[in-house]
Structures are given as structure tokens and as C-alpha cells.
Amino acid sequence: MNVAPLLKRIQGGDWQAFEVLVEQYSGKALRTAYLITGRKDIIEDAVQEAFVQCYRKIKCLRDPATFETWFYRLLTRICWRLTSREKGTVSLDSLTESGQEHALCDDRIGDALEAGETKRLVQQALGRLSIPLRTTVVLRYYNDLPLKEIARVLGCREGTVKSRLHTALKQLADELKLIAPELFLGGEADAQRAIHPGKEGLQSEA
Amino acid sequence: MKLEEWLRAAMAREAEQIEAGPDLVRKIKTRLLTQQGKGKAIFMTWRKAAAATLCGVLLVGGLAFGLSPQARAWADKAVISPLLSVAYKVIRTEGGYTVTKLQEGKDLPGDGGARFGGLEKMEVKDAKRCPEFSTAAAAQAHVGFPVHLPTYLPEGYKLISMTGDRQEKSDRGFVSVVYGVPKEAGKRLHLTITNERNFLRGGDAVQEVKVRGKTAYWAEFPIMEINGANKEPTVKVGHTLKWEDKGLVYKLEDRSGALSLEEMLKIAASLN
């Protein structure tokens with residue numbers, strides 16, 4: 001989608017245009033923040049702050065084509081800051097990882113088994129990754145950003161992004177082999193492909 | 001299934017439950033306005049910080065001026081005196097100092113009239129004047145030692161003034177007698193009599209002479225005169241004759257330079 005005209009109006013001080021931008025990007029921004037932080041209680045705060053900073057700094061944005069990279073850069077920084085600030089607290093979402101979800105909300109037991117299982121696996125596997133690795137994975141496999149864009153968002157080199165993705169996928173594969181071995185039932189070859197799944201893809205993109 | 005594909009699908013499914021609330025835009029707007037308010041608060045904080053800094057500077061300055069005499073001396077010279085000179089004018093008069101103050105609107109009634117329009121005489125400090133005597137006996141009674149005046153004076157010279165004083169705590173005193181030609185301000189002869197021996201310094205004498213059998217010192221000294229602002233100063237030669245007799249030091253000083261040594265000796269010898 002071409003956001004250049006919208007951005008130009010916002011840079012001219014058009015609040016209505018900013019509202020349109022918020023409506024367009026808020027959903028994706030919230031979901032990205034959720035996957036990065038793994039917590040629902042702080043993502044709205046993070047997204048609000050990201051849009052506030054966006055509104056304030058948007059006049060500094062010269063190339064509208066780089067808006068998404070620029071905005072995700074703001075968002076990830078805020079998510080990291082909030083996560084590090086809230087490190088000492090325990091979120092309700094994190095409790096689900098330790099099997100206390102039934103004690104807290106029994107009505108979830110009735111959820112679809114597959115959905116519940118996927119949720120548990122994603123939370124558990126992503127939750128074990130460090131914040132930079134998790135952010136890299138989210139930007140790559142949820143936001144579908146190319147490596148170059150991810151490098152710009154994270155403020156690092158492409159090589160670092162590749163390295164992080166490789167490490168993250170290896171950790172995820174090791175984790176999932178323990179908690180969901182059924183994902184690797186296709187034999188040793190499939191398991192190896194699962195552990196190093198993106199190597200060919202990463203090489204071809206680079 | 002490749003891990004990448006599973007991850008894409010799993011994250012999409014995990015995140016699909018998250019939806020933006022309907023009032024997100026309103027909350028962002030509120031947050032923006034709140035943060036702008038905080039910006040103002042920060043500005044206020046800066047103003048408070050500036051005020052605190054000013055107070056600190058005044059406090060430190062006060063301590064410095066309070067504790068350091070050098071700082072006070074500097075402030076007196078560089079700040080206070082120039083400021084006071086705006087409000088006060090010290091007019092030197094012949095007899096002493098007249099301190100006047102520029103007073104706001106003294107002359108005109110109503111709204112105060114012309115600012116700084118009037119001069120109010122605040123205080124008159126007469127320089128401590130020495131008592132003046134008309135006779136030698138009166139002077140002698142005051143200073144406590146014999147006062148002998150010349151019986152011989154050059155032609156035209158008359159007594160103009162006779163003053164003298166003595167210190168309360170010591171017996172030291174002096175009598176200063178001025179003779180001169182009334183219509184010629186330049187012709188002045190000063191006779192000083194004192195019982196203070198320090199007054200006698202023979203080192204600068206150019207000639208030793210005798211006055212009634214006593215050693216006297218005769219010397220010349222320069223007198224610079226400036227007549228008019230644009231004229232070169234002129235230097236005249238004055239004469240002085242000093243001697244001691246019976247514990248008193250006598251000094252005859254001719255500031256006109258008109259009297260010769262012989263004339264001066266004659267005057268000195270006539271003291272009675």
C-alpha cells in the first residue's frame with residue numbers, strides 16, 4: 001500500500017490522516033508487539049507510545065518508502081524498553097507456560113485442542129528466546145520483512161540478522177523436539193531440515 | 001512441515017486474537033496532549049531550576065562578600081561607589097565638604113514634579129578648623145607654649161591670620177601665622193612655631209645660618225603654579241628658614257620667593 005500521500009498530509013499537520021494511519025497499522029503493530037513481548041498487558045501501552053513518537057517525529061521522515069522500517073524501529077525499541085522495565089513482574093500470559101492456566105481460567109479448557117496446543121507451543125518456544133532473537137524471528141516470519149529491512153529496524157548488520165535467525169531457529173527446533181516431538185516425525189532428514197530450515201532461503205535472499 | 005512454515009502459521013494464529021481497541025486513536029490523542037502538558041511541566045521545572053540557580057548565586061555571592069574583606073573592598077570600589085555617585089554628589093568647599101543629595105521631585109508639588117529636580121542639603125561637615133587667634137597671647141594660652149611674633153616685617157606685609165592647635169593627649173601643638181600683602185595674593189610669608197622636634201629636619205638645608213646665635217637651616221623649594229587651564233605651569237622658588245630655640249621649632253616660609261635670606265634672617269631675629 002502506498003502511504004506516501006497519507007504521510008505527506010500528516011507531515012502537514014493533518015490529524016485525520018494520522019487517524020487513518022493508526023487504523024491501518026495499529027492491528028499489525030499490536031500483534032507484532034505481542035509476539036515480541038509475549039504479554040498482552042503492555043502491548044497497548046507500547047503501541048500508543050510508538051504512535052505518539054511517530055506523530056512527533058514524522059516530520060523527520062524524508063523517504064515515505066521507509067516508513068514501515070522506521071515505525072517498526074520505534075516499536076521494537078519501546079517493546080524492549082517496556083520488557084526490560086517490567087522484568088521483575090510476572091504476566092498472566094507467562095503463567096500459562098508453567099501449566100497454571102487451568103487454575104486461573106478453567107473456561108479455556110474448552111478451547112479447540114489444536115489452537116490451544118499451537119498457542120502453548122508458540123508461547124513456550126518463543127518465550128525461551130532472548131529478546132533480540134525473538135524480535136528477529138517475529139520481524140522475519142510474522143512481518144515478512146526482508147533481511148535488509150530487519151537489519152535497519154534492529155540497527156545491526158545483515159550478517160548479524162542471519163546469525164540471529166539461524167541461532168533462533170536452532171533453539172526453537174531443539175525446544176520443539178522436546179515439547180512437540182510430533183512435529184519431527186518425518187525422520188532424521190526432516191528433522192535436520194527442521195533444525196536448519198531457512199538456510200537455503202536465507203542464502204538465496206542474501 | 002518445515003519449521004519456518006510452522007512458525008509463520010503458528011505466529012499468525014497466535015497473534016490473530018489481538019485486535020486494536022476502538023478507542024485507540026482517542027487514547028493516543030490523549031497521550032499526546034498529556035505529554036505536551038508534561039513538556040510544559042518540564043519547562044516550569046527549568047524555570048524553577050533557573051530561579052534556584054539565581055538564589056544559589058546570590059547566596060554564594062552573599063557569603064563571599066560577607067566573609068571576604070577583599071571582595072567587599074572590590075564591591076565598594078567597583079559597584080557601590082559608582083551607584084552611590086548617581087544619587088549623591090559631594091561638593092568640596094573651601095571650608096570642608098557639603099554633602100548634597102539629588103532628591104526626586106522636591107521642588108514641584110502634585111505628582112512629584114520634575115524627577116531629580118531638587119537638591120536637598122543633607123549635611124554639612126565642616127573640616128575641623130583650627131582655632132583662630134587675634135593676638136599672640138591668645139595663641140599662647142591655647143597651645144601652651146610661648147608664641148613670639150616678629151616685630152619686623154617687610155614693607156606692605158601685614159598679619160593675615162593666626163591659627164594653632166594642640167593635641168589633647170600630648171603637649172604637642174603648633175601655631176601657624178600668615179603674613180602677606182593684602183592686595184597681592186602671591187606674597188605670603190608663613191611662620192610656623194611648634195614644640196614638635198620632628199618638625200625640624202636639617203638634612204634638606206642648603207645653607208646653615210645663625211638666628212640669634214642658634215643654628216638655622218636655609219633652603220629653597222620649588223612651588224609650581226598653574227594659572228589657567230591651557231597655560232603651562234610655572235615654577236617659582238620658595239624659601240624656608242628653620243631653627244630651634246628653647247625647645248620650640250620655628251619655620252619661616254616665603255612662598256612668593258620674593259624675600260631674600262637677609263630679609264628672612266631679619267624677620268627671624270625680630271621675633272619677640
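## Helices 1 and 2 of chain A

In this predicted model, helix 1 of chain A passes helix 2 of chain A in a left-handed crossing (the near helix is turned anticlockwise from the far one by less than a right angle). Helix 1 spans residues 4–11 and helix 2 residues 15–37. Their axes, lines fitted to C-alpha atoms over the stretch in contact, come within 7 Å and cross at roughly 135°. The two helices are therefore oblique to each other, as the angle is not under 35 degrees, over 145 or from 65 to 115.

Helix 1 of chain A contributes Leu6(A), Arg9(A) and Ile10(A) to the contact. Helix 2 of chain A contributes Ala17(A), Phe18(A), Val20(A) and Leu21(A). Residues are in contact if their C-beta atoms, placed from the backbone, lie within 7 Å.

## A covered helix

Helix 8 of chain A (residues 131–141) has eight buried residues out of eleven. Buried means 20 or more other C-beta atoms within 10 Å of the residue's own. Among them are Val137(A), Val138(A) and Leu139(A).

## Confidence

Chain A averages a pLDDT (the predictor's confidence in each residue, from 0 to 100) of 77. Over residues 88–113 of chain A the pLDDT is below 50. Residues 194–204 of chain A also stay under 50. Where pLDDT is low, the predicted coordinates should not be read in detail.

## Conventions

Residues are numbered from 1 along each chain as its sequence is written, and chains are lettered from A in the order in which they are written. Local features need pLDDT of at least 70, and side-chain atom pairs count only at 80 or more, while totals for chains, interfaces and linings use all residues.

Methods. Two residues are in contact if their C-beta atoms, placed from the backbone, lie within 7 Å. A residue is buried if 20 or more other C-beta atoms lie within 10 Å of its own, exposed if 12 or fewer, and partly exposed in between; C-beta atoms are placed from the backbone. Helices (H or I, at least four residues) and strands (E, at least two) are DSSP runs, numbered from the N terminus. Axes are lines fitted to C-alpha atoms, for helices over the stretch in contact, and angles run from 0 to 180 degrees between N-to-C directions.
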